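Here are some short exercises to try with the structure on your screen. Have a go at each task before you read the solution.

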2 protein chains.
Amino acid sequence: MLQKATRRQSKDHNKGLVLRTVYQAGWISRADVARATTLARPTVSTAVAELIDQGLVTESGLGPSVGGKPPILLRVEDDSRYMIGVDLAESEFRGALVNLRGAIRRRLSLPIHELDGEAALSVVHRLISELVQASDRPIVGIGIGTPGLMDSRRGVVRNAVNLNWRDLPLGDMLETRHRLPVYIANDSQVASLAELTFGNGQNIANLIMVKVGRGIGAGIVLDRRPFYGDDSGAGEIGHIVVESGGRLCRCGNRGCLETLASTRSLVQRAQSMWEDTRPSALRNLVASPDDITTGVLVQAVEAGDEAVRAMVAEAGGYLGQVITPLVAGLNIHHIVIAGSMARFGKALIQPIQEHVNSHSLRTLAENTHVEASQLGQDIVILGAAALLLSQELQLS
Amino acid sequence: MLQKATRRQSKDHNKGLVLRTVYQAGWISRADVARATTLARPTVSTAVAELIDQGLVTESGLGPSVGGKPPILLRVEDDSRYMIGVDLAESEFRGALVNLRGAIRRRLSLPIHELDGEAALSVVHRLISELVQASDRPIVGIGIGTPGLMDSRRGVVRNAVNLNWRDLPLGDMLETRHRLPVYIANDSQVASLAELTFGNGQNIANLIMVKVGRGIGAGIVLDRRPFYGDDSGAGEIGHIVVESGGRLCRCGNRGCLETLASTRSLVQRAQSMWEDTRPSALRNLVASPDDITTGVLVQAVEAGDEAVRAMVAEAGGYLGQVITPLVAGLNIHHIVIAGSMARFGKALIQPIQEHVNSHSLRTLAENTHVEASQLGQDIVILGAAALLLSQELQLS
């Protein structure tokens, strides 16, 4: 029995190794898999045969001949499995069927209209059920990115203020209901995984991701693994006070980073200065302050509205104030800004970079680069899928 | 040949494992070593015999009998080897012979009188030579903690402003001259290792150490290993600007943390307020502002000088400003303050803790504890020894 179990484990291990090698190579011959893995040729052939049986790998074209017959190339069948990625965003819950390369095959959003507690939970269930039904491929599992404090190891939401969830065993509940493996992490932590797996971070070890939308959070990746901290709260930077006695924050404190650099705070400021504002790009875009959204402000900056640009730059300065100690403390070169504030591009990124440069040791700052993520609004969905890719399939 | 080499490696590996087990246990019988390591009894006995031959382990007393003969207990001979720990501090270079438990057996300080470049380097050589000569035990190696930016992997000092060292291959130079293994790291990073190995951090995974003396730096320990960052600069927090347009710093910038929270800045402020000061504890301690030192200010606070206490509290607030983003970003519970500012104890620690509490999310702050290191002024020497203990002896 023991020997059997051991043989089975080593077979599974070899199969996983072969799958990972094919996945990372793109196209590769059996002989090259054997060389890369140092597994014996017959072991590779057996594993490949099983992976082909399971539909995960296909034979796809011929490689260049090196004397004899040209070798058959293998590749991972990117759409052989789907992963369910879910973003419990503030205004709506978004989910998608994601293929093994991070391509979104089907998308679904359900508004939550200030729902919380049980009602919000039932929306999560509905979202997942509909995605499961919509899928014509086997599903790897469910990945969830949620705002708030998480205990990722146990899949428990410790505190999500907006949803009024406290110590909710979301992981167990979803697993019981949907009978699929479930992985949950904080949305900013998950976003950092997306950048590493499907974004510009595919070749780097360390990354600081700052997600700035209606809320603000960071995801810190060290040696290609998310760092969760002593109780999974790493990255909760949105409620650092950066203006003593400043505006009241929804957390109860005053002058938090979120009151000065979130999209919510930006829209509020643009609305409040509407009356004072001289004819500007912003006034050409909307008729009333009530129509101002983040999208409108992005357009205003693109149209050359200096007042809005100055507001965005100021938000960048406040973000820089919190990012600089992280840069100096950790000496990480890659700082990525994601979330809807990233849509401002250079107008936001440059002031952050300038703050870091002027507020830390030159030797540290000169190698530190702040940039906007290219993954757009799908970043949490993709990160939730990346969680499955690494935890459930060991593919990244 | 290959088989021989492999057998030799596995023998060395087993011996290391046995040594580590005895070291960590304090006192332990051969049978318990076998149980703890899952090595066969004869393998343990062979390894123990060799370790006794080398003088590293001794038989020391008898354990409680469990039926038969009481078992002979083994322990590591703490003074069988010495490690040379060196602290390239600002005003003097300090070194010591340290035993395997971090006890200092011999101490040596050489003043450096503003020496830099080659001259400072020759003081390092002299310090080490004298310690080597003073030792009547075999020496494990040389560990060095130095201020400034280091490339620890290559043993190169990238930039130590005060010593005027730039891209100095200190590791190679010392190894060639003294024919001993050399390990070098930044002094604050090394201090964090000391706390982990010989201080209060022996049972924790993550630690933020902030060393505040004439300079300010941090050492970040993650999963019990120092985190050096993308180019070994992690922890360079002393030159984060916390007061825009503030006092000129020796780095060329203005308002750096060091201009507001270092011992140097504190002494300068106490001197400059001397004239305005009403009769106070400070005036009872020294006759002239030129006699003010950090030690005098510590005494003044202990004697109830409210003006000095307020200055220390203000420094604590500035430190808190830089520590808070690290706490929120990393969610690390243990924050330890070391260096000569730690001598102010509660007068410094409490304002830092209060700043962290009031400037970050309550859920994060409530588990975060700021405390003063108990290791005193030997912390860098001990950390340099800890570097050898882990890198050269694999004992921690």
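**Exercise 1.** Find out which handedness the crossing of α2(B) and α3(B) has, and which residues make the contact.

*Solution.* Keep in mind throughout that this is a predicted model.
- Step 1: The crossing of α2(B) and α3(B) is right-handed.
- Step 2: Helix α2 of chain B spans residues 30–37 and helix α3 of chain B spans residues 41–53; they pack at an angle of about 120°, with their axes 9 Å apart.
- Step 3: From α2(B), the contact uses B:Arg30, B:Ala31, B:Val33, B:Ala34 and B:Thr37, while α3(B) brings B:Arg41, B:Val44, B:Ser45, B:Val48 and B:Ile52.
- Step 4: Sorted by class, the residues of this contact of α2(B) with α3(B) are six nonpolar, two polar and two charged.

**Exercise 2.** Decide how α10(B) lies relative to α11(B): roughly perpendicular or roughly parallel?

*Solution.*
- Step 1: Look at helix α10 (residues 294–302) and helix α11 (residues 306–330) of chain B, whose axes come within 8 Å and cross at roughly 115°.
- Step 2: Angles from 65 to 115 degrees count as roughly perpendicular, so α10(B) is roughly perpendicular to α11(B).
- Step 3: Their crossing is left-handed.
- Step 4: B:Leu297, B:Ala300 and B:Val301 of α10(B) meet B:Val308, B:Arg309 and B:Val312 of α11(B).
- Step 5: Five of the residues in the contact of α10(B) with α11(B) are nonpolar, none is polar and one is charged.

**Exercise 3.** Now describe how α11(B) crosses α12(B).

*Solution.*
- Step 1: The axes of α11(B) and helix α12 (residues 346–359) of chain B come within 7 Å and cross at roughly 45°.
- Step 2: That angle makes α11(B) oblique to α12(B).
- Step 3: The crossing of α11(B) and α12(B) is right-handed.
- Step 4: Among the contact residues are B:Gly316, B:Gly317 and B:Gly320 of α11(B), and B:Pro351, B:His355 and B:His359 of α12(B).
- Step 5: The classes in the contact of α11(B) with α12(B) are ten nonpolar, seven polar and one charged.

**Exercise 4.** Work out what relation links chain A and chain B, and describe the contact between them.

*Solution.*
- Step 1: A turn of 180° and a shift of 0.0 Å along the axis lay chain A on chain B with an RMSD of 0.1 Å.
- Step 2: This is the relation of a two-fold axis.
- Step 3: The same surface serves both copies, as 100% of the contact residues of chain A recur in chain B.
- Step 4: In the contact, 43 residues of chain A touch 43 residues of chain B.
- Step 5: About 3,200 Å² is buried between chain A and chain B, with carbon and sulfur atoms giving 57% of that area.
- Step 6: On the chain A side, A:Phe227, A:Asp230 and A:Leu361 lose the most area to chain B, together 17% of what that side buries.

Definitions and conventions: Residues are numbered from 1 along each chain as its sequence is written. Chains are lettered from A and ligands numbered from 1 in the order in which they are written. This is a predicted model: local features need pLDDT of at least 70, side-chain atom pairs count only at pLDDT 80 or more; totals for chains, interfaces and linings use all residues. Side-chain values use heavy atoms; hydrogens and water are left out. Axes are lines fitted to C-alpha atoms, for helices over the stretch in contact, and angles run from 0 to 180 degrees between N-to-C directions. Helices (H or I, at least four residues) and strands (E, at least two) are DSSP runs, numbered from the N terminus. Angles under 35 degrees count as roughly parallel, over 145 as roughly antiparallel, 65 to 115 as roughly perpendicular and the rest as oblique. A crossing is left-handed if the near helix is turned anticlockwise from the far one by less than a right angle, and right-handed if clockwise. Contact means heavy atoms within 4.5 Å. Ala, Val, Leu, Ile, Met, Phe, Trp, Tyr, Cys and Pro count as nonpolar, Asp, Glu, Lys and Arg as charged, and the others, Gly among them, as polar. Copies are superposed by least squares on the C-alpha atoms of residues with pLDDT of at least 70 in both. Buried area is the accessible area (1.4 Å probe) that two parts lose on being put together, summed over both.
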